[in-house]
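Reader: Could you take me through one part of this model up close? I'd like to hear about a pocket and what sits around it.

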Amino acid sequence: MHTVVISGASQGLGRALAELLHAQGASLVLLARSKAVLDEIAAQHNANVKANPNSKDNQFTLAYPIDLTDAAASEQLAHDLTARGIVPDTLICCAGSSTPKLFTDLTIKELDAGIDTNYKTTVYLVHALLPLLTTNSSSTLVITSSTVAFYPVPGYGQYSPLKTALRALADTLAMELHPQGVNVHAFFPGNFASEGYAIENTTKPEITSIIEGPSTPITPTECAQKLLNGINRGEAYIHTDIVGWLLASFSLGLSPRCWWPLIPLQMLAAVLGVIIGRFVALFHRSQVDAHFRQHKQ
C-alpha cells in the first residue's frame, strides 16, 4: 500500500488503521466530518515523517473533512485529489454507526441516519473514487460490513440491513472490478471497543444482549491488524473471530470462501450449519418470545 484513503478516520477502526498504516510508511488521505481531530492526526503524522530519518521524503498524511452522506462531496474529493496529483491505490471504507433499538422504537430520523451512515457513505465514496483506483495496475478496495450481515439479531433493524447491503455490494464489485485489477475485500468485524460501541450499549435492548451473549470486545488496533492481515493473505471475506467465520460458513451460497487448507473446515462448517442452523434460530426465537411475554406481564 502506498497511498490509502480511509473513511471514518477520526475514531475507532479508521483511526487505528491510520496509525498502523502510517507506521508502515503509507501515505494517507483521512476522511471524516471532524476537522479538528483529522488535523491533529495529520499534524502528528507529518511531524513524525520529518523527524524520522528513515521515512520516505514523499510520505504524507492529508486531513480532508467531508460529509460522505453527500454524493457531491465525494465527487469533489475525487476532483481535489486529481488536482493535487494524488492517485490512491487503496480505499478502505470504515464509516458507520449503529443505534440498537427494537424496530418499533426507532424514529424515522434514526432509520434515515442508518441508511446515510451505513450505506451512502460507502457507495458514494466508492463510486467517486473508482476512476482513480482503476488507473493503477493493481489496487485494493475494502468495504466494511459486519458479522450481523450473516445473522441479523433483534435490535439491529437500523443497522444490519444496510451492512447486508454492503456485503452484496462487495460481492458485486468483486466480480465487476476483477478485470480492472481491483482486489475487493469485504470486512466483517465482530464487537470491538470503539467510541461508537460504547454509545451503542446505552440504547441496546436487553434481548439483543441476551442473544449476543457475553463477549469481550477486541481493541480497535487489534481489529485493524486483523483486517490488514486478511488483506495481505488475499482473503475476500475477512473476519475478526470464529463466530463471524462460522456464520459466514453457514450461509455461503455463491459467496467467496476460504481455499486450501481451510476449505475442508469451511465445508464441514457449512454442513453443520445446514443441520443445526435452524435449531439455533428457533432457540433464539423462543428467547425473544419469552422476553416479550415477561415484559408484557
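Author: Sure, and keep in mind that this is a predicted model. Let's go for the second largest pocket, which holds about 540 Å³ of space. Helix 8 (220-232), strand 7 (237-239) and helix 9 (242-250) are the elements that each give two or more residues to its lining. That lining has 24 residues, and the ones nearest the pocket's centre are Glu235, Tyr237, Trp245, Cys258 and Leu262. By type, the lining splits into 13 nonpolar, 6 polar and 5 charged residues.

Tyr237 is a handy link to the next stop, since Ala186 is in contact with Tyr237. You'll find Ala186 in strand 6 (residues 182-188). Is Ala186 buried or exposed? Its relative accessibility is just 2%, so Ala186 counts as buried, the cut-off being under 20%. Leaving out neighbours within four places in sequence, Ala186 also has Ile143, Ala170, Ala236 and Ile238 among its contacts.

Now look over at Leu91: Ala186 is 95 residues from Leu91 in sequence, yet their C-alpha atoms are 12 Å apart in space. Leu91 also turns up among the residues that Thr140 touches. Thr140 belongs to strand 5 (residues 139-144), and Thr140 counts as buried because its relative accessibility is 12%. Residues up to four places away in sequence aside, Thr140 also touches Asp89, Thr90, Leu133, Asn183, His185 and Ile231.

Methods: Residues are numbered from 1 along each chain as its sequence is written. This is a predicted model: local features need pLDDT of at least 70, side-chain atom pairs count only at pLDDT 80 or more; totals for chains, interfaces and linings use all residues. Side-chain values use heavy atoms; hydrogens and water are left out. Helices (H or I, at least four residues) and strands (E, at least two) are DSSP runs, numbered from the N terminus. Buried means under 20% relative accessible area, exposed over 50%, partly exposed in between (1.4 Å probe, protein chains only). Contact means heavy atoms within 4.5 Å. On a 1 Å grid over the protein atoms alone, a cavity is a set of points where a 1.4 Å probe fits but cannot get out, and a pocket is an open set with protein on both sides within 12 Å along at least five of seven lines; lining residues have an atom within 4 Å of a point. Grid points are joined across faces, edges and corners, and a volume is the space filled by probe spheres set on the points. Ala, Val, Leu, Ile, Met, Phe, Trp, Tyr, Cys and Pro count as nonpolar, Asp, Glu, Lys and Arg as charged, and the others, Gly among them, as polar.
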